[in-house]
Amino acid sequence: SSEAVVNLSGSLIPSSSNIPPSILEKTREKLHLRPNHPLHILKKMIEKSIEDMHPREFSFYDDLPQLVSTTDCFDDLLVEWNHPSRRYTDTYYWDESHVLRTHMTAHDTTLLRAGKKAFVLTGDVYRRDSIDKSHYPVFHQVDAVRIFDRNTSQNEHKLIADLKSTLESLAKNIFQREVQIRWVDGEFPFTYPSFEMEVFWNGNWLELLGCGLLKRGVLDAGQVDKNSKGWAFGLGLERLAMVLFEIPDIRLFWSKDERFLQQFRDGKITKFKPYSKYPSCYKDITFWLSEKFHENAFYELVRTVAGDTVEEVALLDEFHRNNKTSHCYRIVYRSMDRSLTNDEVDEIQDKIREEVARRLEVILR
Ligand code: PHE
């Protein structure tokens, strides 16, 4: 069971932590709680849709603490000790036993132990990741759980049918029309069977969410009655918002520019009208790798130094000589709100070179 959680605000980051200050700052933003923000609009629509389908059954949470124990995030959910999501290179660790939640599912067993039988959770989740138009180390998810007690239908097929019909109605409500849906088998440590729902939209199959029946081990961790079963699903908000609002770059969700924020109104899905797109420029950086080097650490350093002026970091070239490996990366700079000057970009690039050499101990070429 989970122990007392460290308080994020006001505490010093432990020296063993891999959370940079720029990421810690994001925990204060809570984009999903801001009126008229696309992520808030979508969250509200999903909540309303579930409430309309199952009146007064679900509890809704949208401000649970982002720092969770590894027990909550992984162990209770049967995530194997060697699963990639536990790696220091993939997850933000506060200390050995606390992480910035990598998914909203991290709260499930705590709420189950508190006796909750049906709930919807929205919040920001954190994963160390590459940088491009659709990847950002912070994004938002909506998760839900529905437990059926011993008196209700326990048949697995009926539970799966209930899960699928709930999610099909949700998709219709969100896309505001009959959309073509397909179910593919999924795999998650905490559910069996597991499914992914895909929606046909603008000529492409879009992976919308993961779901399944909670495994007995998870229900046990949640102290759920032996005779009860339940389903769960989890859905990422950014990818969905990007197609619905036609938002071309994931960084725009974090924009403070009124030309972005003014465009959206609660309750409505409207198409984003691009305001002038500022020119991009790129700089390459080449170095010999070190023991300390890891790709995600590099991406994160770039992001820490350059903030949201970085649009993309791409590995251009790799070669080997005398047991050494050299990487060349192209960093594409573009601001969402203004033109960057050449001097300014040079300065950022110099700072990145300096920091990468110092912290990751690579040899610049
Ligand atoms: N937590 C999973 C993810 O982040 C999604 C999920 C939630 C899948 C609940 C099944 C059940 O990808």
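**Entry 1: the four-stranded sheet**

I began with the sheet in which four strands, all paired in the antiparallel sense, follow the order 12-13-11-14 and leave the sheet open. I noted strand 12 (310–321) and strand 14 (363–364) as its edges, since each of them pairs on one side only. I should record here that I am reading a predicted model.

Inside this sheet I followed strand 11 (residues 281–288) and strand 13 (residues 324–333), which run antiparallel and are joined by eight bridges. In that pairing I looked up tryptophan 288 and found that its bridge partner in strand 13 is serine 326.

I then asked myself which helices pack against these strands. Helix 9 lies across strand 11, strand 12 and strand 13, and I noted that it runs at about 140° to strand 12. Helix 10 (residues 342–359) also packs on the sheet, where it touches strand 11, strand 13 and strand 14, and its direction makes about 20° with that of strand 11.

**Entry 2: the cavity**

I next looked for enclosed space, and a search of the whole structure returned one cavity of 30 Å³ or more. I wrote down a volume of about 70 Å³ for the largest cavity, and a lining of 14 residues, of which Tyr92, Asp129, Pro137, Glu300 and Arg303 lie nearest its centre.

Which helix gives the most to that lining? I found that helix 9 does, with five residues, and that helix 1 (21–26) and helix 9 (295–306) each supply at least two residues. By class, I listed six nonpolar, four polar and four charged residues around the largest cavity.

**Entry 3: the seven-stranded sheet**

I turned to the other sheet on my list, an open one of seven strands with mixed pairing, whose order I copied as 1-5-6-10-9-8-7. Its edge strands are strand 1 (59–61) and strand 7 (181–185), each of which pairs on one side only, and I noted a twist that averages 20° from one strand to the next.

I went through three of the pairings in turn. Strand 8 (residues 191–201) and strand 9 (residues 204–214) pair in the antiparallel sense over nine bridges, and serine 194 stands opposite glycine 212 in strand 9. Helix 5 (residues 156–175) packs on this sheet, touching strand 6 (138–148), strand 7, strand 8, strand 9 and strand 10 (229–236), and I recorded that its direction makes about 25° with that of strand 10.

Strand 9 and strand 10 are likewise antiparallel, with five bridges between them, and I found glycine 234 in strand 10 as the bridge partner of glycine 210. Strand 6 and strand 10 pair in the antiparallel sense over eight bridges, with phenylalanine 148 standing opposite lysine 229 in strand 10.

**Entry 4: the pocket**

I then looked up the largest pocket and noted a volume of about 1,100 Å³. Its lining has 42 residues, and Arg127, Phe139, Gln141, Phe188 and Arg239 are the ones that lie nearest its centre. Strand 6, strand 8, strand 9, strand 10 and helix 7 are the elements that give two or more residues to this lining.

Which strand gives the most to the lining of the largest pocket? I found strand 9, with seven residues. I divided the lining by class into 18 nonpolar, 15 polar and nine charged residues.

**Entry 5: helix 2 against helix 7**

I followed helix 7 out of the pocket lining to one of its helix contacts. Helix 2 (residues 38–53) and helix 7 (residues 237–244) pack at an angle of about 105°, with their axes 10 Å apart, which means that helix 2 is roughly perpendicular to helix 7. I listed Leu39, Leu42, Lys43 and Ile46 on the helix 2 side, meeting Leu237, Glu238, Leu240, Ala241 and Leu244 in helix 7. By class, I recorded seven nonpolar, no polar and two charged residues in this contact.

**Entry 6: backbone geometry**

I closed with the backbone, bearing in mind that most residues other than glycine have a negative phi, and most peptide bonds are trans. I found that the peptide bond from tyrosine 192 to proline 193 is cis, with omega near -5°, and I placed proline 193 in strand 8.

Where does glutamine 223 lie? I located glutamine 223 in the loop between helix 6 (216–221) and strand 10, and I noted its positive phi of about 50°, although it is not a glycine.

Conventions:
Residues are numbered from 1 along each chain as its sequence is written. This is a predicted model: local features need pLDDT of at least 70, side-chain atom pairs count only at pLDDT 80 or more; totals for chains, interfaces and linings use all residues. Side-chain values use heavy atoms; hydrogens and water are left out. Axes are lines fitted to C-alpha atoms, for helices over the stretch in contact, and angles run from 0 to 180 degrees between N-to-C directions. Angles under 35 degrees count as roughly parallel, over 145 as roughly antiparallel, 65 to 115 as roughly perpendicular and the rest as oblique. Contact means heavy atoms within 4.5 Å. Ala, Val, Leu, Ile, Met, Phe, Trp, Tyr, Cys and Pro count as nonpolar, Asp, Glu, Lys and Arg as charged, and the others, Gly among them, as polar. Two strands pair if DSSP finds at least two bridges between them. On a 1 Å grid over the protein atoms alone, a cavity is a set of points where a 1.4 Å probe fits but cannot get out, and a pocket is an open set with protein on both sides within 12 Å along at least five of seven lines; lining residues have an atom within 4 Å of a point. Grid points are joined across faces, edges and corners, and a volume is the space filled by probe spheres set on the points.
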